[in-house]
Amino acid sequence: MGDGNVEKQQIFKFIDDHREEMLVLWSNLVNQESGSAYKEGIDTIQAKIKGILENEGAAVRMAEYERAGNMLVAEIGSERAKPAVIFMGHVDTVFKIGTIEKRPFTIQDDKAYGPGVLDMKGGVVAFLYAIKALNAAGFSERPIKVLIAGDEENGHLCSNASEVFTQESVGAVAAFNCETGFTDDAIVIGRKGIAIFNMEVRGVAAHVGNDPENGRSAIVEIAHKLIEIEKLTDWQEGTSFNVGVIEGGTVANATPDYAKIVIDVRFSDENAIQKITQQLEDIAAKTYVPETTTTLMRGVSFKPMRTTEGVKRLFALVKETSVENDFGIPYGKKVGGGSDSAYTVIAGVPTVCAMGVKGGRNHSPEEYAVVESLFERSKLLAACVLKLSDL
């Protein structure tokens, strides 16, 4: 490595010189449908990123899945002696096929719009160009590793991507997750875990006028269970239960033979999921209305991202780097939403999250990202890599 300041200026100039190219890639990624259920679209994006990274000298492999988007694992400079730095994220979105036709990538008043523009295709572009800029400046101090999931938005329901994140990140010096960034310069240093459960009740249908005594109401049964579930919230422990969806019945003059609730659980202890599952299983097993049966199923889940001492040190480095380059004064934030940062922290790697482009309204039709933040965050990421020896 040469003089650090000279190298940084080379990196910043590279990003400034490639602004239009970055916008084109951002547009291309957003305009490729990649909802979590659309494997073909996700894999198309992963193949494109594979080509970009291979052009930068990366060895790239895919963890392939039958019912989920493939996961990309890449490394540049595996022979370098120092521990690797990780850039991570995902390319799937929450949006259904057909959304692009209605809302393609557009820029208006210095903001970019489109499905996944903020969460998190902008972040992927930011770290890809941080890598390109580091390469162009001759950076060779440590390996650069890239981990990109294809099914983050559904909690890796049909893949082992969470295990891949943990296994592939062991021994790294730091990980930067370029998830949705905040317009107030918050950097995420902790996240709660998430577990989503579906509870279904089967009862016995009957006409409430001619045969009411033979009906067994699934709605009444699930109403009892719902109240018991809400009582499980323990604010001191940091665990909350929310029944956010309820459905059942067809007409007012029939005893409903089916009802369902969807339960969102947030928790702080990474080992709490076993206790949470048992609590819900106990409620499911109890019968209030005779001849009804209840089934409990677990769906999306993320472990918590713990705020370790390593996380705090890495955040301090990010803050210092941001301030000295006039990119704002970040503050550390703990949030309720989960991400794959949990798994790199579990592997013992200092990790900061929400390092992607800044914006708001993600997961909604109004999702937007601040265009200038694409270039700023790319520079910040690269500048942080140059300072990792200070950790």
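In which order do five strands form an open sheet? This is a predicted model, in which local features need pLDDT of at least 70 and side-chain atom pairs count only at pLDDT 80 or more, while totals for chains, interfaces and linings use all residues. Residues are numbered from 1 along each chain as its sequence is written, and side-chain values use heavy atoms, with hydrogens and water left out.

**View 1. The open sheet and its edges.** The five strands (DSSP runs of E, at least two residues, numbered from the N terminus) follow the order β4-β5-β19-β18-β8, with mixed pairing. Two strands pair if DSSP finds at least two bridges between them. Because β4 (106-108) and β8 (181-182) each have a single partner strand, they stand at the edges, and one side of each is left without a neighbour in the sheet.

**View 2. Strands β4 and β5 with helix α5.** β4 pairs with β5 (residues 111-113) in the antiparallel sense over three bridges, and Gln108 has Lys111 in β5 as its bridge partner. Helix α5 (residues 117-136; a helix is a DSSP run of H or I, at least four residues) packs on the sheet, touching β5, β8, β18 (358-360) and β19 (368-370), where contact means heavy atoms within 4.5 Å. The direction of α5 makes about 40° with that of β19; axes are lines fitted to C-alpha atoms, for helices over the stretch in contact, and angles run from 0 to 180 degrees between N-to-C directions.

**View 3. Cysteines outside any disulfide.** Zero disulfides (pairs of cysteine sulfur atoms within 2.5 Å) are found in a search of the whole structure. For Cys353, the nearest cysteine sulfur is that of Cys178, 8.8 Å away; for Cys384, the nearest is likewise that of Cys178, 10 Å away.
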